[in-house]
Structure formats: structure tokens, C-alpha cells
Amino acid sequence: MVTIDIETDDGQREILRRMMLIRAFDNEAGDRFADGEIPGFVHLYIGEEAVGVGACSALEPDDYITSTHRGHGHCIAKGLETDKMMAELYGKREGYCNGKGGSMHIADVDAGMLGANGIVGAGPPLATGAALSAAQKGEDRVALAFFGDGAVAQGQVHEAINLASTWGLPAIFLVENNKFGEGTPVEKQHNLENLSETAEAYDIPGFTVNGMDVTAVYEAVEAARERAVNGDGPTFIEADTYRYRGHFEGDHQPYRDDDDIEAWQRRCPIDAFANRLVDAGVLTEDEVDELRAAAEAEIEDAAAFAENATDPDPSEAYEDMYDVSVPELSTYAGGSLRADGGSTTDQ
Amino acid sequence: MSTDTSTSNVSGTESMTVREAIREAMREELARDEDVFLMGEDVGLFGGVFDVSDGLLADFSEDRIRDTPISEAGFLGAGVGAAATGSRPIVEIMFSDFLGVSMEQTMNQMAKMRYMFGGKTEMPITIRTTEGGGMGAASQHSGTVHTWFAHFPGLIAVAPGTPAAAKGLLKSAIRSNDPVFFFENKMIYEQTGEVPTDPDFTLPIGEASVERTGEDVTVIATQRLVGESLDAAEELSDQVSVEVIDLRSLYPLDTETIVASLEKTGRVVVADESPLSYGVHAEVVTRLVENGFYSLDAPPERVGVPDTHIPFSPSLEQEVLPDAADVTAAIERLA
């Protein structure tokens with residue numbers, strides 16, 4: 001069973017709601033970052049919501065995904081809870097990673113979310129490995145790697161696709177072509193008209209879909225998933241989309257004009273899908289507004305939860321390194337050899 | 001009587017080479033746990049470039065003895081993904097010099113996932129690789145790089161010096177829920193020794209082993225230099241009583257055992273095939289200084305590669321590779 005059935009009215013409403021939730025989450029995250037409440041840096045998914053939601057909705061709940069440094073949307077699309085996500089952005093103990101990961105490393109392995117990832121192109125090998133594991137165990141599971149257009153220039157992405165193709169693994173490679181690899185336009189990074197042409201080298205299906213259309217992404221991933229679980233190997237999908245915000249918040253964006261941003265904003269994936277549902281009689285305009293208001297309210301609650309959450313105790317910096325107890329961690333906790341010689345001379 | 005013989009075999013030992021010990025460790029763990037699998041370049045049909053996995057493909061399936069493309073970043077990364085999702089891969093990197101190709105997946109994914117995710121994932125992966133000079137393989141197939149991995153937080157690093165240590169530590173590595181790098185010195189694959197045959201025999205990671213007891217000088221050695229140090233100790237036995245320790249585990253490091261030996265002998269040689277600067281030697285000496293400074297009767301001696309790469313020409317290679325003569329000279333300087 002797909003995670004959300006786009007054929008039903010309820011499913012369509014849920015898909016719209018999740019896209020709105022991502023938009024609200026990242027607007028709030030951007031504001032809170034600007035206010036100095038969120039440490040580090042954040043990369044927002046605004047404009048690309050249809051890709052994450054379309055893809056994750058067409059997957060089954062047990063399927064795996066790998067994500068990118070721009071991972072908030074993938075998390076919400078995979079069903080992660082926004083309060084624990086926001087708490088993670090705040091570096092709080094109640095966050096998904098107990099505050100150790102932050103925006104770029106939110107993960108929920110039990111939910112099949114194998115982590116946002118700060119290294120461009122690192123996700124596809126992990127997805128290939130998850131697909132290998134699922135295939136070896138005979139599980140009806142696939143692994144989908146989200147990665148950006150910039151990652152298509154990374155060697156390990158090609159190695160991952162080659163392995164998955166050669167071994168016929170149940171993997172899906174989904175490139176989010178948001179037109180910029182950090183601050184450099186896609187055409188200055190690749191000599192391909194469509195990045196999906198990459199698939200030809202690996203003899204797997206590859207096609208480009210409209211990444212501003214959640215239905216198009218959903219259908220592409222649904223078909224790719226069917227191929228994967230039928231033993232027909234991986235599929236390479238390019239979603240043609242656009243990043244409305246900078247590479248990171250605070251990016252002064254010398255690489256593009258406001259006109260370009262506005263042109264893509266007129267193709268807003270959330271408005272487009274909402275309008276379609278109104279036209280089809282699934283929702284009224286008022287119901288769309290209510291859905292948006294509810295999404296924004298949930299995110300306000302999530303931000304309040306994060307604000308009121310607990311800072312980790314400094315001692316937690318020494319936890320979670322290993323499954324086993326490693327004497328060095330207790331010996332050197334605090335930054336140098338303890339006055340009593342640490343555990344190494346405890347006898 | 002036959003029952004007695006069988007019982008004594010189960011708990012007894014058998015003479016085998018390091019190569020056989022590693023192969024048997026893998027064979028036993030593959031049989032014990034169906035989530036365990038081996039992948040790497042030429043590990044199946046070819047049996048491994050040093051014949052370490054020879055015969056495993058016949059006993060297990062192609063699915064579990066998996067030949068890979070020459071694609072270290074890809075298949076090591078796939079091993080990380082498989083380990084995060086319930087498998088227990090053994091990944092062979094043919095020569096440790098090739099670890100550089102797969103370093104991103106090692107340092108930013110394998111080593112960090114558990115910590116970054118707040119302890120909510122396990123990383124039960126074992127990386128086996130070959131190190132060391134001595135066969136004219138030149139600089140890109142002879143390196144000893146284990147210091148990098150012992151240094152990098154989130155990884156476990158072991159480097160056995162005997163067949164028993166190889167078998168016991170590899171089995172522990174495969175059963176561990178942490179990422180373990182298992183460094184095999186390619187020049188000791190033919191070295192023989194007694195190895196317990198009990199399929200439940202394992203050795204705890206993080207414990208060194210006193211291979212020879214002595215009173216005057218301690219040699220703390222790894223890999224090939226364990227045997228070389230035992231030879232040196234034997235040769236000098238009329239003049240000086242030498243204790244030889246196989247360090248076995250580079251991280252965690254068994255401070256207790258090495259400090260106890262220092263407290264007895266007061267003099268220490270550290271022998272490891274890493275380049276000398278910033279190497280295993282430096283960490284071992286630091287532990288001794290931190291924990292046993294007042295037991296030191298002389299400055300510690302380091303035996304290792306003098307900060308060069310491993311050259312091709314045999315005369316050059318022998319010049320830089322440490323051996324029993326270098327250990328002997330170091331002991332004589334101290335004794």
C-alpha cells in the first residue's frame with residue numbers, strides 16, 4: 001500500500017496538507033534562524049515541496065529514503081513529527097537526534113528515513129546499500145535516494161547507480177534539479193540537457209518530470225517502485241523544480257535575478273495542486289485556507305515545543321559514539337586526562 | 001574414547017596460518033548469522049587477491065560472497081547503508097592504500113551516523129584490508145594507514161599479530177555493532193600458530209596480549225612486528241629479558257596492560273609499521289607518559305617507517321621497513 005493514495009479525496013487532501021506543512025515549517029525555520037534562535041545554518045526546501053511529498057507518498061511506509069542537506073521537506077513527507085524536527089533544529093534533547101544532528105542530520109531510521117546529509121552525493125551509496133539489504137532479506141522494500149543536481153557531478157553517485165543497476169537492486173534515484181548547485185547554475189556544472197540522460201549510461205529507465213506537479217512526481221515514483229519490487233532494477237528520475245530561497249539562509253544570491261524567482265513562484269506547487277483540487281470539487285477555497293491555517297498552527301506549536309525543550313547536558317557530548325563502552329571517552333571527558341587518571345588506572 | 005577426543009577438539013587448538021584463521025573466522029560467522037555477508041573486489045570467484053576468502057563462494061551463495069566492481073566509494077558506501085538497515089557486511093578493501101578512494105563514506109557516514117543520530121542507529125560493519133611493505137608492491141600497494149582510522153572518532157581499529165588474534169578479533173569485529181577496521185599485514189598470511197577451534201572463541205576488542213614475559217625491556221608491537229619482536233627477544237635472551245606485547249587493538253587502546261608492563265620493566269620500545277610521526281607509537285608513548293611517567297627509566301624508543309612511502313626497489317624497501325634487527329638495536333640502546 002502506498003503511503004498516501006492520491007486516487008482518493010482524503011489522500012489528495014493529505015498530500016496538499018503535507019506540502020503546506022513543509023512550507024510553513026521552512027518559513028518558520030527561516031524566521032527563527034534570522035532571529036538567531038536556531039544555531040548553525042539552515043537550507044530551506046521552499047518551492048520543492050511537490051518533489052518530496054509526491055515521492056514519499058507513492059512509497060510504502062516501510063521503504064527507505066536518503067536525503068540531503070536540504071532535508072526538512074523529505075522528513076515531513078516521510079511522516080516525521082514536526083515538533084521533534086524543530087526541537088532538533090534548536091539543538092534540544094527532545095529532537096530526533098537528541099540535539100546532536102541539527103538541521104542537516106535529522107534522521108529516523110525506524111521510519112525509514114536514513115538521514116539528511118551534509119555531504120553532497122553521499123546519500124545514493126547508502127540507498128544502494130539499503131536496497132541491497134532489503135533484497136538480501138527478501139523484503140518487499142525499496143530505497144529512494146533524493147539528491148540535488150550538484151550531486152550528479154559526484155563520483156560516488158555514479159558508483160551507487162552502477163552498483164544498483166549491475167545488481168538489479170530495488171533502488172530509485174531521484175535528482176531534484178533546483179537549477180543551482182550551491183551558488184553555481186546547473187548548466188555550468190553539467191554538459192547534459194537533461195540530467196536524466198545519466199540513466200542511459202547505466203541502462204536503466206531515466207526520465208524528467210515536472211517537479212512542480214506533485215501528481216507527476218507521484219506517478220513517476222509509483223512506477224519506479226513497481227519496477228524495483230518486481231526485480232527490474234533501479235530507475236533514475238529527474239524532477240524539474242526550483243529553489244525559492246538561497247542555498248542557505250543568508251545567501252545573497254548573486255547568481256540569479258528576482259524575475260527568475262518570481263516566474264517560478266507563479267508555478268508554486270502548493271497553489272497549483274490546491275487550485276486543481278478546488279476545480280475538481282475536492283476542496284472549497286475556504287477549506288484550502290483552513291488547511292493552510294491548520295498547517296501553520298501546527299508549526300507554531302512545533303516552534304513553541306522546541307523553544308521550551310531542554311538543552312542537552314554537556315555530559316551527553318560523550319554519549320552515543322559507540323555501542324560498546326570505550327574507556328577513552330570517560331578518560332578524556334572534559335578535554336584532558338582526568339586528575340585521577342581516568343578509568344585506565346581504576347583498579 | 002572417541003567422545004573424549006571430540007570434546008577435546010571442540011575446546012582445543014589447531015595449528016593454522018593467519019590466512020586460514022581469517023578465512024575460518026569469516027566462514028564461522030557466515031554460518032552463524034545469515035545477516036553476515038562479504039563483499040569486495042575479487043573476493044568470490046577469485047578467492048581474494050591473497051586467497052583469504054578462497055573457498056567461501058563454494059560454501060555460501062554469490063549473494064553472500066559478493067564480487068563488486070572496482071568501485072570502493074560505491075561498495076563501501078553500500079556497506080554502510082546495508083549496516084544501517086539490519087545487515088552485517090564484511091567489506092574487503094583489497095589494499096589499504098585504496099581506502100582513500102572510499103574515505104568520504106568512512107569519515108562522514110560510517111563513523112558519524114550513530115553519533116549524529118543521537119545513538120539511534122547501529123553500524124555493524126567490518127572493513128578488512130591489507131597493509132604493509134615487503135613484497136615489492138611499491139608505494140600504492142604497501143602502505144600502513146591504520147593510524148588514520150585509530151585516530152578518527154567513531155571507528156574501532158584492530159591490527160592482529162598472530163593467527164589466534166586474527167581469528168578471535170575478526171569474529172568479535174563481525175559480531176560488534178560498531179564499525180571495526182581490521183588491518184591484515186600481508187606479509188604474515190603464512191605465519192602459523194595455535195588457534196582455538198571452538199566456534200564460540202572470540203577475543204575482546206580493546207585488550208592487548210602479553211606474548212612473552214620479561215623483566216628488563218617491554219616491546220609493544222603490532223602486526224608483523226610482533227613476530228619480529230619475539231625473534232629479537234629470543235636472540236637477546238642471554239643478555240636481556242624482554243617482554244613482548246601484541247597491542248592487537250589500536251582503538252580502543254589497552255592502556256592498563258602496557259602501563260603494567262612499563263611499571264615492571266621501566267623501558268619501552270614501540271614497534272609498528274606506520275610512519276613514525278604522529279603514529280601509533282606516539283599515542284602509545286603518550287598513554288605511558290600520562291599514566292606511568294615516574295616508571296620510565298629511559299626515553300621510549302620508536303621503531304617504524306622513517307616518514308617515507310614504501311619504495312619499490314628491494315634494497316630501498318628493506319632500508320625503510322622495520323624488522324627484528326631494528327627492534328634488537330632499539331632494545332640494546334635501552335638495556
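## Exercises on a two-chain model

Counting over all chains, the structure holds 41 salt bridges. Keep in mind that this is a predicted model. Let's work through it piece by piece.

### Exercise 1: a bridge inside one helix

Task: find the salt-bridge partner of A:Arg32 and say where the two residues sit.

Solution.
- Step 1. The partner is A:Glu28, and the closest N and O atoms are 2.9 Å apart.
- Step 2. Now place them: both belong to helix H1 of chain A, residues 9–34.
- Step 3. They are 4 residues apart, which is about one turn of the helix.
- Step 4. Check the surroundings: A:Arg32 and A:Glu28 are both buried.

### Exercise 2: a bridge between distant parts

Task: work out which parts of chain A are linked by the salt bridge of A:Arg225 with A:Asp63, and whether each residue is buried or exposed.

Solution.
- Step 1. Start with the contact: the closest N and O atoms of A:Arg225 and A:Asp63 are 2.6 Å apart.
- Step 2. A:Arg225 is in helix H7 (residues 214–229) of chain A, while A:Asp63 is in the loop between helix H2 (49–58) and strand E1 (64–66). The two residues are 162 residues apart.
- Step 3. Buried means under 20% relative accessible area. A:Arg225 has 6%, so it is buried. A:Asp63 has 0%, so it is buried too.

### Exercise 3: loop to loop

Task: explain why the salt bridge of A:Glu316 with A:Arg93 ties together parts that lie apart in sequence.

Solution.
- Step 1. The closest N and O atoms of this pair are 2.4 Å apart.
- Step 2. A:Glu316 lies in the loop between helix H10 (285–307) and H11 of chain A, and A:Arg93 in the loop between helix H4 (82–89) and helix H5 (123–136), so the bridge ties together parts 223 residues apart in sequence.
- Step 3. Compare the accessibilities: A:Glu316, at 13%, counts as buried, whereas A:Arg93, at 34%, counts as partly exposed.
- Step 4. Bridges can also share partners. In chain B, one such network joins B:Glu28, B:Glu29, B:Arg32, B:Lys167, B:Lys171, B:Arg175 and B:Asp200.

### Exercise 4: empty space

Task: describe the largest pocket and the largest cavity, with their volumes and linings.

Solution.
- Step 1. Here's the idea behind the search: rolling a probe the size of a water molecule over the atoms shows where empty space is left.
- Step 2. The largest pocket holds about 600 Å³ of space. It is lined by 21 residues, and those closest to its centre are B:Ala150, B:His151, B:Tyr251, B:Glu283 and B:Arg287.
- Step 3. Both chains take part: the elements giving two or more residues to the lining are helix H11 (327–332) of chain A, plus helix H7 (146–151), strand E12 (249–251) and H11 of chain B. H11(B) gives the largest share, 5 residues.
- Step 4. Sort that lining by class and you get 13 nonpolar, 5 polar and 3 charged residues.
- Step 5. For cavities, the whole structure has 1 of 30 Å³ or more. The volume of the largest cavity is about 40 Å³.
- Step 6. Its lining consists of B:Gly48, B:Val49, B:Phe50, B:Asp51, B:Val52, B:Glu92, B:Arg128, B:Thr130, B:Glu184 and B:Tyr189. By class, that makes 4 nonpolar, 2 polar and 4 charged residues.

### Exercise 5: a patch on the surface

Task: name the residues of the nonpolar surface patch of about 380 Å², then place B:Tyr294.

Solution.
- Step 1. The patch is made by B:Val289, B:Phe293 and B:Tyr294.
- Step 2. B:Tyr294 sits in the loop between helix H11 (280–292) and strand E14 (301–305) of chain B.
- Step 3. Exposed means over 50% relative accessible area. B:Tyr294 has 79%, so it is exposed.

### Exercise 6: backbone oddities

Task: look at the backbone at B:Pro252, A:Asn98 and A:Asp203, and say what stands out.

Solution.
- Step 1. Recall the usual picture: most residues other than glycine have a negative phi, and most peptide bonds are trans.
- Step 2. The peptide bond from B:Tyr251 to B:Pro252 is cis, with omega near -5°. B:Pro252 is in the loop between E12 and helix H10 (255–265) of chain B.
- Step 3. A:Asn98 is not a glycine, yet its phi is positive, about 60°. Its place is the loop between H4 and H5 of chain A.
- Step 4. A:Asp203 also isn't a glycine and has a positive phi, near 55°. This residue lies in the loop between strand E5 (184–185) and strand E6 (206–210) of chain A. With a relative accessible area of 72%, A:Asp203 is exposed.

Definitions and conventions:
Residues are numbered from 1 along each chain as its sequence is written. Chains are lettered from A and ligands numbered from 1 in the order in which they are written. This is a predicted model: local features need pLDDT of at least 70, side-chain atom pairs count only at pLDDT 80 or more; totals for chains, interfaces and linings use all residues. Side-chain values use heavy atoms; hydrogens and water are left out. Patches are made of residues with over 30% relative accessible area and no salt bridge: like charges are joined within 9 Å, nonpolar side chains (Val, Leu, Ile, Met, Phe, Trp, Tyr) within 5 Å. Accessible areas come from the Shrake-Rupley method with a 1.4 Å probe; for residues, only the protein chains shown count as cover. A salt bridge is a side-chain nitrogen of Lys or Arg within 4 Å of a carboxyl oxygen of Asp or Glu. Buried means under 20% relative accessible area, exposed over 50%, partly exposed in between (1.4 Å probe, protein chains only). On a 1 Å grid over the protein atoms alone, a cavity is a set of points where a 1.4 Å probe fits but cannot get out, and a pocket is an open set with protein on both sides within 12 Å along at least five of seven lines; lining residues have an atom within 4 Å of a point. Grid points are joined across faces, edges and corners, and a volume is the space filled by probe spheres set on the points. Ala, Val, Leu, Ile, Met, Phe, Trp, Tyr, Cys and Pro count as nonpolar, Asp, Glu, Lys and Arg as charged, and the others, Gly among them, as polar.
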